[in-house]
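Me: I am new to this structure, and I would like to understand how its features come by their labels. Could you take me through the reasoning with care?

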Amino acid sequence: MEKMGRNAIVGQSGGPTAVINSSLVGVFQAAKSRGAQHVYGMRYGVKGLLEEQVVDLSDTLRDNLDIEILKRTPASYLGSCRYKLPVPAEDPALYEKLFGILKKLDVGYFFYIGGNDSMDTISKLSDYACMTGSDIKFMGVPKTIDNDLMNTDHTPGYGSAAKYIGAIMKEITRDSLVYGTRNVTIVEVMGRNAGWLTGAAALAKAEDCEGVDMICLPEVAFDIDHFIERLDVLQRAKAGVVIAVSEGVRVHDGRYVCELTEELGPVDAFGHKTLTGAARFLANKAVRELGCKARAIELSTLQRCSSHMASRVDITEAFQVGGAAAKAAFEGHSGEMVGLRRLSNDPYQCTTELHDIHTIANFEKKVPGEWITPDGVGVTQEFLAYMRPLIQAELTPIYVDGLPRHIYIK
Ligand code: F6P
């Protein structure tokens with residue numbers, strides 16, 4: 001048996017979030033305190049690792065201030081990738097190369113912060129390690145604004161994105177009512193095939209806000225004619241109609257609404273299309289068929305990098321899952337992902353637990369049908385009660401010269 005590697009390596013993969021760097025700090029600090037000599041960072045995930053693009057995090061994070069700023073810096077500090085590893089039988093040379101690089105770096109602990117596609121990487125690498133008798137421990141650290149990972153109550157990154165959506169919907173609602181005349185605003189929210197984040201639009205409704213008028217989730221087949229009929233009724237009854245629509249809404253035959261007019265660009269390594277344009281398509285249709293004023297707002301990357309209004313609960317949990325992954329790996333676990341288990345809502349309490357990576361990789365968790373209102377365009381009180389604790393409190397950025405301070409690798 002080979003001698004166990006002394007160092008740790010961590011990568012970030014898939015779409016970023018406002019708090020993914022807090023998980024990076026969690027892994028870094030916990031691995032250091034458990035005796036890792038070096039904690040390396042993969043530049044651009046496993047794709048960069050294959051090109052031996054690594055940094056020693058102790059060289060790039062010089063002091064506690066750097067670490068505090070990193071927690072408040074959006075997007076993936078190390079860079080990211082959407083890279084699908086082949087199965088080992090298809091390309092054994094690639095695995096030999098990768099494990100050779102890890103050996104050269106004397107790595108005993110490997111962490112990957114990502115969503116369901118990234119957990120596929122952990123699953124394949126840990127299986128390969130078992131097959132070849134390698135001692136390297138592979139652990140998944142959850143993250144995604146989509147909140148669609150199995151076996152975790154929620155994913156770090158979701159709470160902050162949900163807080164942003166709730167806040168932005170309140171602001172858009174105020175703006176939509178200024179003239180007191182008829183107008184429609186359709187806001188497109190990320191989340192791919194899961195409506196967790198679009199559902200966060202419901203948070204806008206409060207004693208100081210009327211709330212949005214329709215919430216269209218990808219879990220409900222989208223009927224365009226029905227949508228226009230509903231919109232017609234709404235915009236006759238009130239000025240300032242605001243609608244949240246998921247980027248991933250699909251018509252009955254399975255096509256995304258956003259691909260009805262335009263060819264979407266190339267698919268990524270996991271076969272995902274870049275979803276963009278559903279709001280524009282629907283706003284154009286409203287103008288043509290109802291003759292109303294209609295705007296489309298595509299929140300796009302704004303909703304996943306708004307660290308200036310990150311949820312403190314979210315940023316804290318992102319840190320915790322990173323630390324829990326390091327603890328588990330140093331205690332001998334491998335081929336698992338840290339999940340969050342909610343203990344109670346009031347007071348909100350959550351703990352971490354470990355799950356077999358094979359029950360997570362490549363699966364998508366959808367919004368349960370009973371959390372969607374019977375009319376298909378709203379969410380229930382249960383959904384709201386689930387989201388509310390996750391958006392609580394703030395971690396103020398460190399402001400320099402009037403703007404939040406960030407850190408990046410030069
Ligand atoms: O995976 C998170 C996510 O932000 C999705 O909500 C979105 O569809 C996708 O990433 C966009 O990916 P990319 O930035 O690679 O185009």
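The questions below go through a pocket, some salt bridges, a strand and a few backbone details.

Reply: Please keep in mind throughout that this is a predicted model.

Me: What makes the place of the largest pocket one between two domains?

Reply: Domain 1 (7-144 + 307-361) and domain 2 (158-303) both give residues to the lining of the largest pocket, and therefore the pocket lies between them. The volume of this pocket is about 560 Å³, and its lining is made up of 32 residues, with G15, R82, M190, R192 and R304 lying nearest the centre. The elements that give two or more residues to this lining are α6 (116-132) and β6 (184-189), and α6 gives the most, with three residues.

Me: How do the lining residues of the largest pocket divide into nonpolar, polar and charged?

Reply: Seven are nonpolar, 13 are polar and 12 are charged. Among the residues nearest the centre, an arginine such as R82 goes with the charged group, since Arg is counted there together with Asp, Glu and Lys.

Me: Why is the contact between R82 and D268 called a salt bridge?

Reply: The label asks for a side-chain nitrogen of Lys or Arg within 4 Å of a carboxyl oxygen of Asp or Glu, and the side chains of R82 and D268 meet with 3.8 Å from N to O, so the pair qualifies under that limit. R82 belongs to the loop between α4 (64-71) and α5 (92-104), while D268 belongs to the loop between β8 (241-246) and α10 (278-290), so the pair ties together parts that are 186 residues apart in sequence. R82 has a relative accessibility of 35%, and because this falls between the limits of 20% and 50%, the residue counts as partly exposed. The structure holds 20 salt bridges.

Me: What makes D232 buried and R236 exposed?

Reply: Buried means under 20% relative accessible area and exposed means over 50%; D232, with 19%, is therefore buried, whereas R236, with 61%, is exposed. The side chains of these two residues meet in a salt bridge, with 3.1 Å from N to O. Both are in helix α9 (residues 224-237), and because they are four residues apart there, about one helical turn separates them.

Me: How do you know that R341 and E353 form a salt bridge, and where in the chain are they?

Reply: Their closest N and O atoms are 2.7 Å apart, and the limit is 4 Å, so the label applies. The pair links distant parts of the chain, with R341 in strand β10 (residues 336-345) and E353 in strand β11 (residues 348-356), 12 residues apart. R341, at 41% relative accessibility, counts as partly exposed, and E353 is also partly exposed, with a relative accessible area of 24%.

Me: Why is strand β5 described as mostly covered?

Reply: Six of the six residues of β5 (residues 137-142) are buried, and that word stands for a relative accessible area under 20%. The covering applies to both faces, with K137, M139 and V141 buried on one side and F138, G140 and P142 buried on the other. Strand β4 (residues 107-114) runs parallel to β5 and is joined to it by six bridges; in one of the pairings, G114 has P142 as its bridge partner in β5.

Me: What makes the phi values of E52 and S300 worth a remark?

Reply: Most residues other than glycine have a negative phi. E52, although not a glycine, has a positive phi of about 60 degrees, and S300, also not a glycine, has a positive phi of about 45 degrees. E52 is found in the loop between α2 (45-50) and β3 (54-56) and, at 41% relative accessibility, counts as partly exposed. S300 has its place in the loop between β9 (294-298) and α11 (312-330), and a relative accessible area of 29% makes this residue partly exposed.

Me: How do you know that the peptide bond from D346 to P347 is cis?

Reply: The omega angle of this bond is near 5 degrees, and the bond is cis. Most peptide bonds are trans. P347 is found in the loop between β10 and β11.

Note on methods
Residues numbered from 1 in each chain as written. Predicted model: local features only at pLDDT ≥ 70, side-chain atom pairs only at ≥ 80, totals over all residues. Heavy atoms only, no water. 1 Å grid on protein atoms, 1.4 Å probe; cavity = no way out; pocket = protein on both sides within 12 Å on 5 of 7 lines; lining within 4 Å. Points joined across faces, edges and corners; volume = space filled by probe spheres on them. Domains from an automatic or database assignment. Buried < 20%, exposed > 50% of the residue type's maximum accessible area, 1.4 Å probe, protein only. Pairing = 2+ DSSP bridges.
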